[in-house]
Amino acid sequence: MPSSAKGFSAHDLTQLGILLAAAIALRFAESTVAYLLPLPGAHLGLANAVTIIVLYLYGTKRTALFLAARILLTGLLFTGLFSPGFSIGLAGAVLSFLFMALAVQKDWFSSVGVGVLGAFTHNCGQILAAMVLMQSTALVSYLPFLIGIGIPTGIFTGLVAGIFLKRVPANECLRK
């Protein structure tokens, strides 16, 4: 059955595959310099810049598939599937995706605003999941520290995504 029968052309699959590989490579690069951020669980979120790009180029449904593949592959490669770290990251990714998708659909923010919203809601999702797993509300005191790192990294990922999107031909952004 041709790939276009499911709504994906060969071009789409190729481009999404390249973007997925880039996101995983960026996550790997982050893991090698994790010592630069002094807080456990804090990451630069570079792979999220790729997710923002996919969200603008391909819309919500395809980004959900992209993000599911990204989460599963990075879980296999870096945290271990269904480990506490995987569960905490998954909760953050799901919550941030929901808010970023809504913001893009409603055209509430630029890519920078979407990046900040994604970072903020990712941190909230992480803390909520950690509170459930550890059965402690004390973890909420860690949230301001994560947000303090999340806002500048969200600005950075949004800027990176925005620069990339400005260089993509306008018709590429109509794939929603």
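Where is Asp107 found? I opened the notebook with this residue and traced Asp107 to the loop between helix 3 and helix 4. I note at the outset that the model is predicted.

**Entry 1. Overall fold**

I looked up the secondary structure and recorded five helices and zero strands. Along the sequence I read the pattern α-α-α-α-α. I then turned to the contacts between residues at least 6 apart in sequence, of which 70% join residues at least 24 apart. For burial, I noted that 43% of the 176 residues in the chain are buried. The chain exposes about 9500 Å², and I recorded that carbon and sulfur atoms supply 73% of this area.

**Entry 2. Helix 3**

I took helix 3 as residues 84–106, a run of 23 residues. From its first C-alpha to its last I recorded 33 Å, close to the 33 Å expected at 1.5 Å a residue. I listed the buried residues of helix 3 as Phe86, Gly92, Ala93, Ser96, Phe97, Met100, Ala101, Ala103 and Val104. Which helices do the buried residues of helix 3 pack against? I found that they pack against helix 2 and helix 4, the latter spanning 111–134. On the spacing within such a list, I keep in mind that an α-helix has 3.6 residues a turn, so residues three or four places apart point the same way.

**Entry 3. Positive phi angles**

I returned to Asp107, which comes just after helix 3 and takes a positive phi of about 55 degrees. Asp107 is not a glycine. I marked the angle for attention because most residues other than glycine have a negative phi. Is Asp107 buried or exposed? I recorded Asp107 as exposed, since its relative accessible area of 61% is over the 50% cut-off.

I made a parallel note for Gln135, also not a glycine, with a positive phi of about 50 degrees. I located Gln135 in the loop between helix 4 and helix 5, the latter covering 143–167. Gln135 is exposed as well, with a relative accessible area of 73%.

**Entry 4. A nonpolar surface patch**

Which residues make the nonpolar surface patch of about 600 Å²? I listed Leu72, Leu73, Leu76, Leu77, Leu81 and Phe82. I checked one of them, Leu76, and placed it in helix 2, residues 46–79. Leu76 has a relative accessible area of 57%, so I entered this leucine as exposed. Helix 2 thus appears twice in these notes: it holds Leu76, and the buried residues of helix 3 pack against it.

Key. Residues are numbered from 1 along each chain as its sequence is written. This is a predicted model: local features need pLDDT of at least 70, side-chain atom pairs count only at pLDDT 80 or more; totals for chains, interfaces and linings use all residues. Side-chain values use heavy atoms; hydrogens and water are left out. Patches are made of residues with over 30% relative accessible area and no salt bridge: like charges are joined within 9 Å, nonpolar side chains (Val, Leu, Ile, Met, Phe, Trp, Tyr) within 5 Å. Accessible areas come from the Shrake-Rupley method with a 1.4 Å probe; for residues, only the protein chains shown count as cover. A salt bridge is a side-chain nitrogen of Lys or Arg within 4 Å of a carboxyl oxygen of Asp or Glu. Helices (H or I, at least four residues) and strands (E, at least two) are DSSP runs, numbered from the N terminus. Buried means under 20% relative accessible area, exposed over 50%, partly exposed in between (1.4 Å probe, protein chains only). Contact means heavy atoms within 4.5 Å. The expected span of a helix is 1.5 Å times one less than its number of residues.
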